[in-house]
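Please take a moment with the sequence and the model that follow, and then read on for a guided walk from one contact to the whole chain.

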Amino acid sequence: QVQLVESGGGLVQAGGSLRLSCAASGRTFITYTMGWFRQAPGKEREFVARISWSGGSIQYADSVRGRFTISKDNAKNMVNLQMNSLKPEDTAVYYCAAGSGTLNRPTSWGQGTQVTVSS
């Protein structure tokens, strides 16, 4: 497994931007599909975005497509999520995840970072 640590959460006004980062440890980082999930209060955890090990395949949830951008730096063992045009409904704890394939069942999770968007 790979160990994941998120950073970059915080409080921002609607329409603003935040950049989340996820630092991964483990020499096999380059082989993982990486992604972001989020969980709002009282709701189930939901998929946000994922990127293949090569970076050649990227998928987004419909709710964030066009506003969020996921990227991966294999040399630095980092995966980032650039979030623009944030909305109050984006408020959640965001989790970095690692696994294989389509990331339906991540094998590693970060501890989560809070993102709060005020109206």
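With which side chain does the side chain of D90 make a polar contact? The partner is R67, whose side chain lies 2.7 Å from that of D90 in this polar contact. The model is a predicted one, and the values given here are computed from it.

D90 is a useful place to begin. This residue sits in the loop between β8 and β9, and its relative accessible area is 0%. Since buried means under 20% relative accessible area, D90 is counted as buried. Apart from its neighbours within four places in sequence, D90 is in contact with R38, R67, F68, S85, V115 and V117, so that the polar partner R67 appears in this list of contacts as well.

From this one residue we can step back to the protein as a whole. Its secondary structure comes to 0 helices and 11 strands, and reading along the sequence gives the pattern β-β-β-β-β-β-β-β-β-β-β. The radius of gyration is 13 Å, which is close to the 14 Å that the globule rule gives for 119 residues, so the protein is as compact as a globular protein of that length. Taken along the principal axes, the box that the C-alpha atoms fill is roughly 40 × 25 × 25 Å. Buried residues make up 45% of the 119 residues, and the protein exposes about 6200 Å², of which carbon and sulfur atoms supply 48%. Among the contacts with a separation of 6 or more, 54% are between residues 24 or more positions apart.

How are the strands arranged in the open sheet of 4 strands, and in what order do they come? The order is β1-β3-β8-β7, and the pairing is antiparallel. The edge strands are β1, covering residues 3-7, and β7, covering residues 68-73, each of which pairs on one side only. From one strand to the next, the twist averages 15 degrees. In general, strands of a sheet pair through backbone hydrogen bonds, and they may do so in a parallel or an antiparallel way.

Within this sheet, strand β3 (residues 18-25) is joined to strand β8 (residues 78-83) by 6 bridges, and the two run antiparallel. A23 stands opposite M78, a residue of β8. At the edge of the sheet, S7 is found in strand β1, where its relative accessibility of 38% makes it partly exposed. Not counting residues up to four places away in sequence, S7 touches R19, L20 and S21. Although S7 and R19 are 12 residues apart in sequence, their C-alpha atoms are 8.6 Å apart in space.

Two loop residues deserve a closer look for their backbone angles. Most residues other than glycine have a negative phi. N77, however, which is placed in the loop between β7 and β8, has a positive phi near 55 degrees and is not a glycine. L103 likewise has a positive phi, of about 65 degrees, although it is not a glycine either. The place of L103 is in the loop between β9 (92-99) and β10 (108-109). Is this loop residue buried or exposed? At 2% relative accessibility, L103 counts as buried.

Definitions and conventions:
Residues are numbered from 1 along each chain as its sequence is written. This is a predicted model: local features need pLDDT of at least 70, side-chain atom pairs count only at pLDDT 80 or more; totals for chains, interfaces and linings use all residues. Side-chain values use heavy atoms; hydrogens and water are left out. Two strands pair if DSSP finds at least two bridges between them. Axes are lines fitted to C-alpha atoms, for helices over the stretch in contact, and angles run from 0 to 180 degrees between N-to-C directions. Buried means under 20% relative accessible area, exposed over 50%, partly exposed in between (1.4 Å probe, protein chains only). The radius of gyration is taken over C-alpha atoms; the globule rule is 2.2 Å times the number of residues to the power 0.38. Contact means heavy atoms within 4.5 Å. Accessible areas come from the Shrake-Rupley method with a 1.4 Å probe; for residues, only the protein chains shown count as cover. A polar contact is a pair of N or O atoms within 3.5 Å; within protein, one must be able to donate a hydrogen and the other to accept it, and residues adjacent in sequence count only if both atoms are side-chain atoms.
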